[in-house]
Amino acid sequence: MSLFYYKGVKKMKKVYSMDFFGRNITVETGWLAKQANGSVLVRYGDTVVLSVSVMGKNVISQDFFPLQVLYQEKLYSVGKIPGGFIKREGRPTDEATLAARIIDRPLRPMFDENLRNEIQVINTVLSVDQDNSPVMTALLGSSLALGISEIPFDGPVSGVVVGKIGKDYIINPTVEELEKSELNLTVAGTKSAICMVEAGASECSEKVVLDGILFGHEAIKKLCEFQEQIILESGKEKVELDKAELESDLVEAVTNYAYQSILEAIQIKDKLESAGKVEEIKQQTIGYFTNMYLEDAALEDKLKQINKILYNLEADAVRSLITEQHIRPDGRKMDEIRPLDAMVDLLPRTHGSAVFTRGQTQSLATTTLGAIGEHQILDGLGIEDAKRFMLHYNFPAFSVGEIGRYGSPGRREIGHGALGERALSYVIPSEEEFPYTIRVVSEILESNGSSSQATICAGCLSLMAAGVPIKAPVAGIAMGLITSKDGKKYTILTDIQGLEDHMGDMDFKVAGTKDGITALQMDIKIKGVTREILKEALAQAKKARLQILEVMHDCIKEPRKELSPYAPKIATFQINPEKIKDVIGRGGEMITKIILESSNVKTVNDKDAVKVDLEDDGRVIIYHTDQAIIDETKRRILDVVREVEEGKIYTGKVVKVEDFGCFVELWPGCEGLVHVSQLSHEHVKKPSDLVKVGDEILVKSQGYDNKGRLNLSRKDALPKPQKKEDKKHE
């Protein structure tokens, strides 16, 4: 690491630099956004991110930690002007939301549980070099902005992307390297432990993924050491938090009154019944102690403590039940999956549909097939500007028996949808194999934990029911971790339900085929997990995944060979790329005419209109539910691009008659001129004396002139007249 100082009249800039696997990382402090609690400018190659941290001055009275992490994409960072009428950045893209989640997840466990001041971490992406991840740059900046501030933060944390080409793992692969990589793995952690994993993989083995995680962690240690030196030099003294101590006598009294009842209530198998009973016990407890301390001046404070004690008792009951007695709240074994059920074809008019149920978690998934031109347009900082496979996840409040807000998707829905999309994307056929845009939608109808993994299972079934030739079925499972209060014992849980997720220490989602992993996501609430825990969780997840795949196989063995009668059928063929402009015509006149006449509709936006995609390489893709309309559209397009062979005789229709000759249409889009001199072997004074519009006549091609105009001859297509001598001889 190197350190430089730049001094000015009103500012002082400190610059820290390190070489990180052949690329330079530079951190600047002390001169930008100085009124924030912490501020750093991080440069990674030509990628530049400004990260700041701010803490509210007042304690907020609420039960959850008020942390907000933002990732602000600025299109000027990649030299783009925003689309739309107002030409400025609007609501965050899905990619920006996912980036914020990636940064949030490893930061959140590093804060003191007593902190109740509102905290914001804002990352503004100022410049983007696609080979140097702005998200990983922002994660480094976020940790540093917190680390050098007064805000209590038990960091630093860092993250890297790990790729794998052949036998070699790569830290922060370039765009080109990532395209060749069988692994796209994001790992975050501290010097001592891993605390977040996000991955997509091309059916990689558990060992390949685990080795990749550990390889990434070694690189993370270097970034954390770099941060520690900066914090030591530029960090501010941390503020002291008021410790919210619980009165020991009150803890003992509430425990004696409520613990056993809570322990029994959490073992009720039905989610709503169990939650209702726990809530009833809590209300009874609060009522009992309210009466006891009714005359106490500190009643309000005691009630706050009682609520906290009751929450702790519920968590302790779950933790003790599993780690000490080896009993799960719903009575299952540690590696046992809840009852499974799968079915397809629930909905008659969708292109594919399926319902997957695991215990009290249920997903209804549909698959819709569309033209390639219906792909999703991306307006973000990445290189890709479109994608043809989408998975959307919806989580209505009724799925957990509650009243809720209905509107645009939130961070959770976007995140779960992205995880499902990643898991299935590795088995989606290429555009050449299956030239459709594919959209899967998961509607969560019931939820008691791991609805994202139910989405993957249901989504896969719906793809197979729709006839999408996926490479292999994919299933997902969520693993959990419960550690003892002293941290010495731990238990890995298969297929965690809501209570185990809420009260547990880890949510580790693993999806894949029978041959390997396609997606991975790990979030933890403790400071980190070890290699042994990860290895055990991956092995247990594989066993569960294979069980689920068997149930899915019993439901539908392979993708259907035929598409739904309501799905668009397809015809694909190749034309000369130079002829695309002829098919389109001036101002789209020709392609519009073909669509309207082939479909027998009045506008190209009519729902019954045939869809035609023309690719730059000369590929033509036609979509419609009626094969006859597809065939007619194809015939008309081929007519437009057919080459006229010089010297060949054709039958054409007269479409226009002029004094100098007539125009003859050989087929739609192909017309040529028969000059008056070429109409007959005899002298023709007026072409209209010989032909009229609508007549079908034989013509012979004379080729194109130097202006590209087709010349035809009726005379050369007719038999030559006999000479006078021949007639006399006869």
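Select K611 and Y623 to start: Y623, in β25, is the bridge partner of K611. The model on screen is a predicted one. Widen the selection to strand β24, residues 611-614, and strand β25, residues 619-624. The two strands run antiparallel and pair over 4 bridges.

Next, look at the turn. β24 and β25 make a hairpin, with 4 residues between the strands. Pick G618 there and check its backbone: phi is positive, at about 95 degrees.

Now move to the interior. The structure has 1 cavity of 30 Å³ or more, and the volume of this largest cavity is about 80 Å³. To display its lining, select F20, I25, Y44, M136, T137, L140, S158, G159, N172 and L223. Two elements, α2 (134-147) and β8 (158-165), each give two or more residues to that lining. The largest share, 3 residues, comes from α2. Colour the lining by class, and 6 residues come up as nonpolar and 4 as polar, with no charged residues.

The last stop is helix α3, residues 175-180, where E176 is located. Is E176 buried or exposed? Its relative accessible area is 52%, and the cut-off for exposed is over 50%, so E176 counts as exposed. Add D131 to the selection and draw a C-alpha to C-alpha distance from E176: the two are 8.3 Å apart in space. In sequence, E176 and D131 are 45 residues apart.

Notes: Residues are numbered from 1 along each chain as its sequence is written. This is a predicted model: local features need pLDDT of at least 70, side-chain atom pairs count only at pLDDT 80 or more; totals for chains, interfaces and linings use all residues. Side-chain values use heavy atoms; hydrogens and water are left out. On a 1 Å grid over the protein atoms alone, a cavity is a set of points where a 1.4 Å probe fits but cannot get out, and a pocket is an open set with protein on both sides within 12 Å along at least five of seven lines; lining residues have an atom within 4 Å of a point. Grid points are joined across faces, edges and corners, and a volume is the space filled by probe spheres set on the points. Ala, Val, Leu, Ile, Met, Phe, Trp, Tyr, Cys and Pro count as nonpolar, Asp, Glu, Lys and Arg as charged, and the others, Gly among them, as polar. Two strands pair if DSSP finds at least two bridges between them. Buried means under 20% relative accessible area, exposed over 50%, partly exposed in between (1.4 Å probe, protein chains only).
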